[in-house]
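Reader: Hey, I've just opened this one and I'm new to it. Could you walk me through it?
Author: Sure, let's have a look together.

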Amino acid sequence: MTTIPATRLTLPRWLNLPLVLGFFLVLFWLAATIAAPWMTGHAPLDMVGRRLQPPSWDHLLGTDALGRDVLSRTLHGARHSIPIAVTVVAFAVTIGACLGALAGFVGGIVDTVIMRLVDVTLSFPPMLLAMAVAASLGPGLENAAIAMVAVWWPIYARLMRAQVLEVREREHVEAAIASGATQTRVLTRHVLPLCWTPVLISATMDLGQVILLAASLSFIGLGATPPTPEWGSMIADGASQFYSWWVALGPGLAILTIVLGFNFIGDGLHDYFDPRSK
Amino acid sequence: MIRYILRRLIAMPFLVLGIVTLAFLLTSVTKGDPLTAIVSDRQMNNPEVVAAAKARWGLDRSLPERYAIYVGNLVQGDMGTSFITRRPVAQDVMFRLPATMELVTAAMIVGATIGISLGVLAAYFRNTVIDHTARLFALFGSSIPVFWLGLALLYVFSVQWGVLPGPGRLDARATPPTTITGFMTIDTLLAGDIRLFLDAVWHLILPAFVLGWAVAGTISRLVRANMLEILSRDFILTARAKGAGEFRVVIRHALRNTLVPTLTVIGYSFAYLLTGAVLTETIFSWPGMGSYAVEAARGLDFPAIIGVTIVGGIIFLVVNLLTDIAYVIANPRVRLG
Amino acid sequence: MNAHPPLFEVRDLRVAFGRNGTFAEAVRGISLHVDHGEVLGIVGESGSGKSVGMLAALGLQPEGARVSGSVRFKGRELVGLPRRDLRELRGSRIAMIFQDPLSSLNPVMTIGAQISEAVHLHNPDLSRRAVIDRARDLLALVAIPQPDRRLHQYPHEFSGGMRQRVMIAMAVANDPDLLIADEPTTALDVTVQAQIMDVLADLQARLKLGLVLITHDLGVLAGHADRVAVVYAGEVVEQAGVDDLFARPGHPYTRGLIASIPDMTAQKDRLFSIEGTPPALGRLPAGCAFNPRCVNAQEICRHQAPPTLRRGDHSAACHFAFAGTESAA
């Protein structure tokens with residue numbers, strides 16, 4: 001029969017390996033977002049070497065079709081992808097949470113209208129809807145961002161509504177209503193403060209997925225426009241230089257590591273909050 | 001539960017109407033002038049074409065009237081004419097739908113097979129190397145951008161090692177069989193050409209894996225969690241006390257009990273597959289709806305992109321409904337209770 | 001040494017659970033035996049190790065548990081036996097039924113499939129037809145009406161008592177020599193408990209089963225057991241013939257258990273119950289494990305583990321067993 005090993009490294013319960021790994025991956029890319037110009041030897045748009053050079057000591061990830069340093073462009077890419085993702089999620093959370101709270105708190109026809117809109121929006125495969133919206137608005141990063149907000153807000157609306165409905169039933173809220181507090185006061189002082197945490201945690205976890213979606217849109221030409229060192233469009237460059245594999249390597253690894261970072265954090269938090277699943 | 005399904009069935013037309021409405025609104029808010037969403041820039045100078053389009057879509061009327069005309073046209077299967085192919089969008093979409101369905105089905109099979117096997121192994125050997133590997137595999141699956149993964153695998157397996165074929169559904173030199181179902185694997189079989197059939201399957205492997213990986217990850221995590229729960233139940237002890245072997249205990253007794261949630265997650269993963277198919281098809285030159293949508297989006301071919309979006313939404317709705325029905329059928333307690 | 005080894009003999013069985021490298025014994029050296037056709041009752045509070053011990057004897061201990069000691073079935077050592085050989089014994093020669101028949105039956109398999117499986121596993125050559133016939137006969141054997149229809153139903157379509165009958169049918173599917181019944185009536189309504197005990201007793205007599213009846217209710221054993229082993233904190237504290245045990249209990253714990261049996265004839269106002277709770281796993285008091293709860297504990301009980309005293313077939317692990325038994329209670 002199996003026996004349990006005699007010694008085991010004991011860590012504080014909140015500090016599990018996925019969480020730590022995720023934290024460092026995300027931290028690295030946050031650092032790149034702030035400090036990319038000082039981390040790299042070249043500006044992202046400078047043509048610094050010969051075209052399509054494979055990785056060497058001068059250019060660790062090689063050069064692209066215009067002779068730009070792929071590593072520099074990759075690190076600078078964080079300055080586009082991460083702010084976009086944060087902005088998109090911020091808008092989606094604001095819109096979604098407001099509508100969700102409204103639906104949950106007011107109920108009735110308002111609830112029905114908002115939640116049917118949520119249902120319909122979520123009836124589309126997200127990528128197709130984002131493409132349709134982005135194409136309708138025309139190419140460009142701002143329009144792609146608007147498209148992503150349009151696809152993403154219903155998720156938070158559902159989450160927020162469920163939270164509000166749950167918190168509303170708690171005793172302290174019923175007590176506040178009984179003691180004659182106004183509707184607005186009950187909502188802002190007694191309900192909403194208790195609803196934010198899960199919504200914000202879920203929003204943070206979604207950053208990785210939003211980065212993926214943004215890169216996907218850019219990859220098919222609906223996001224960032226060419227000279228911008230955005231990861232998705234860099235991979236599109238790589239696809240057109242298929243035999244120079246290094247052109248797409250840097251941006252691919254960049255997306256992989258940062259999304260993996262967020263997923264690790266989500267996984268670690270899941271372990272922490274639900275130890276049964278371990 | 002039966003009532004729930006009925007309610008879902010009744011809600012279906014309304015959701016479809018919602019999809020259509022949203023799509024209509026998209027076309028009418030486009031850059032202020034809805035004409036640009038129907039007539040391509042090149043034909044804008046041709047007054048005859050412009051007049052015909054205006055009459056057909058009622059562009060000189062009010063918004064509600066236009067909406068009625070739009071829905072009317074859709075009901076007759078008219079989704080407008082593609083700027084790029086100059087063919088009716090409905091015809092284009094129907095022509096390309098089978099390739100997408102074939103790819104998505106193959107990816108689902110790959111994803112479910114890998115996902116269920118890994119999930120079962122991870123649960124049975126929990127907290128061992130097997131478990132941790134399965135977890136990493138799942139996390140990578142949901143973190144790798146499919147378009148990059150497709151490029152990387154094509155480069156390694158097709159260009160460098162030459163063990164798997166390049167993009168496309170068949171060898172470029174092969175003569176495709178007569179299109180009957182539009183599923184290359186089925187059409188080659190119907191044509192009685194086994195070599196061509198194997199070639200079609202051969203071409204499916206890479207794109208199906210690229211698309212199926214993330215789904216495999218999701219499925220494996222769900223199966224693992226459910227298996228852990230089921231394996232701790234009393235009837236597992238009963239099965240062992242009967243003298244059943246471990247394989248039998250795990251497959252016949254435990255896995256069968258996780259079938260319902262597994263089926264559900266496989267069904268719902270369809271959304272992801274349709275999304276991923278857009279990008280996978282682009283990488284693998286797969287002549288399906290996804291690559292059609294990408295070409296349409298790049299060329300600002302509005303009738304095409306809106307058409308694909310509507311069809312995608314409806315497929316998605318139908319699959320989710322089928323998933324719920326399958327849930328009822330697979331669950332004896334719900335079915336009979 | 002006996003010429004005929006007992007049907008089932010457990011000697012110094014120990015089961016330990018580990019956490020962070022330290023092990024705590026849930027079963028601390030249990031020894032007992034069952035003969036052919038004999039009913040042995042094992043009684044003790046929940047968590048006393050009685051179920052874990054019996055499961056471990058058949059190799060069904062939870063993952064990570066460490067088992068030592070000796071378990072012999074018809075003279076054959078089971079501890080350390082290859083899994084394959086153990087599997088062949090389980091369900092054919094040794095069968096088990098459990099406390100909660102609802103959770104013990106697979107919810108997504110028909111009753112017929114589950115009974116058939118028990119038959120098929122140990123008779124792989126039997127035809128499908130024959131297996132199903134056998135399953136139907138088994139349902140009839142445990143007095144389930146309309147067995148043909150019942151075979152195609154799922155566990156949730158059965159009542160609690162009917163489910164336990166199904167469990168019994170499944171257990172006796174291959175005419176076992178030994179049946180281990182772990183609290184077979186605890187999860188059932190009071191009204192059907194007696195029926196299930198009757199079914200068990202009837203089958204035990206008809207099939208000449210060796211029966212191990214695990215329970216927390218000594219009263220159940222009065223009418224059904226030949227001998228009784230009382231388990232406390234992972235040890236057998238007293239073992240005797242059933243009449244002897246009730247007439248002359250040697251261990252204060254046994255006396256407490258007897259006193260707490262609800263008496264239907266004498267209308268007592270309040271049920272007697274033993275003060276305190278059994279020790280937690282790995283937190284045994286010094287001396288006799290029962291001393292903190294014992295009404296007549298002396299100084300020696302707090303320092304020295306009691307020896308097992310014997311009087312004929314009657315044994316009890318108490319410093320004061322058999323000494324002034326009559327006056328103590």
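**Chatting through the chains**

Author: Let's start with a helix pair in chain A, keeping in mind that this is a predicted model. Helix α2 (residues 70–106) of chain A packs against helix α3 (residues 108–122) of chain A at an angle of about 145°, and their axes are 7 Å apart.

Reader: Is that crossing left-handed or right-handed?
Author: α2(A) crosses α3(A) in a left-handed way.

Reader: And which residues meet there?
Author: From α2(A) you have A:L99, A:L102, A:A103 and A:V106, and they meet A:G108, A:V110, A:D111, A:I114 and A:M115 of α3(A). Sorted by class, that contact has 7 nonpolar, 1 polar and 1 charged residues.

Reader: OK, zooming out. What's the secondary structure of chain A?
Author: Chain A has 9 helices and 0 strands. Its C-alpha trace spans about 75 × 65 × 40 Å along the principal axes.

Reader: How much of chain A is buried?
Author: Buried residues make up 48% of its 278 residues. As for contacts in chain A with a separation of 6 or more, 66% are between residues 24 or more positions apart.

Reader: What about chain B, how many helices and strands there?
Author: Chain B comes to 14 helices and 0 strands. Its C-alpha trace spans about 85 × 55 × 40 Å along the principal axes, and 45% of its 337 residues are buried. Among chain B contacts with a separation of 6 or more, residues 24 or more positions apart account for 70%.

Reader: Now, how many residues do chains A and B bring to their contact?
Author: 38 residues of chain A are in contact with 40 residues of chain B. On the chain A side, α3, α4 (126–137), α7 (183–219), α8 (231–240) and α9 (246–273) each supply at least two residues.

Reader: What's that side made of, by class?
Author: The side of chain A that touches chain B has 25 nonpolar, 10 polar and 3 charged residues.

Reader: Any one residue I should click on there?
Author: Try A:M131. Leaving out residues up to four places away in sequence, A:M131 touches A:L222, B:A293, B:A297 and B:I305. A:M131 also turns up in the largest nonpolar core, which has 263 residues.

Reader: Which members of that core touch the most others?
Author: Those are A:A130, A:M131, A:M148, B:A293 and B:I305.

Reader: And where does the largest share of the core come from?
Author: From α4(B), with 18 residues.

Reader: Let's stay with that helix. Can you pick a residue in it?
Author: B:G115 is found in helix α4 (residues 89–124) of chain B.

Reader: Why is B:G115 buried?
Author: Because B:G115 has 32 other C-beta atoms within 10 Å, and 20 or more counts as buried.

Reader: Which residues is B:G115 in contact with?
Author: Setting aside neighbours within four places in sequence, B:G115 is in contact with B:V215, B:A216, B:I219, B:S220 and B:V223. If you want a distance to try in the viewer, the C-alpha atoms of B:G115 and B:L17 are separated by 35 Å, and the two residues are 98 apart along the chain.

Reader: We haven't touched chain C. How many of its residues are in contact with chain B?
Author: 22 residues of chain C are in contact with 16 residues of chain B. α2 (83–89), α3 (101–104) and α4 (111–122) of chain C each supply at least two residues to the chain C side, and α4(C) gives the most, with 4 residues.

Reader: And by class?
Author: The side of chain C that touches chain B has 10 nonpolar, 7 polar and 5 charged residues.

Reader: Last topic: at what angle do α7 and α8 of chain C pack?
Author: Helix α7 (residues 160–171) and helix α8 (residues 190–207) of chain C pack at about 15°, with their axes 10 Å apart. The angle is under 35 degrees, so α7(C) is roughly parallel to α8(C).

Reader: Is that one left-handed or right-handed?
Author: The crossing of α7(C) and α8(C) is right-handed. C:G160, C:G161, C:Q164, C:R165 and C:I168 of α7(C) make the contact with C:V192, C:Q195, C:I196, C:V199, C:L200 and C:L203 of α8(C). By class, that contact has 6 nonpolar, 4 polar and 1 charged residues.

Methods: Residues are numbered from 1 along each chain as its sequence is written. Chains are lettered from A and ligands numbered from 1 in the order in which they are written. This is a predicted model: local features need pLDDT of at least 70, side-chain atom pairs count only at pLDDT 80 or more; totals for chains, interfaces and linings use all residues. A residue is buried if 20 or more other C-beta atoms lie within 10 Å of its own, exposed if 12 or fewer, and partly exposed in between; C-beta atoms are placed from the backbone. Two residues are in contact if their C-beta atoms, placed from the backbone, lie within 7 Å. Axes are lines fitted to C-alpha atoms, for helices over the stretch in contact, and angles run from 0 to 180 degrees between N-to-C directions. A crossing is left-handed if the near helix is turned anticlockwise from the far one by less than a right angle, and right-handed if clockwise. Ala, Val, Leu, Ile, Met, Phe, Trp, Tyr, Cys and Pro count as nonpolar, Asp, Glu, Lys and Arg as charged, and the others, Gly among them, as polar. Angles under 35 degrees count as roughly parallel, over 145 as roughly antiparallel, 65 to 115 as roughly perpendicular and the rest as oblique. A nonpolar core is a set of buried Ala, Val, Leu, Ile, Met, Phe, Trp, Tyr and Cys residues joined through C-beta atoms within 7 Å.
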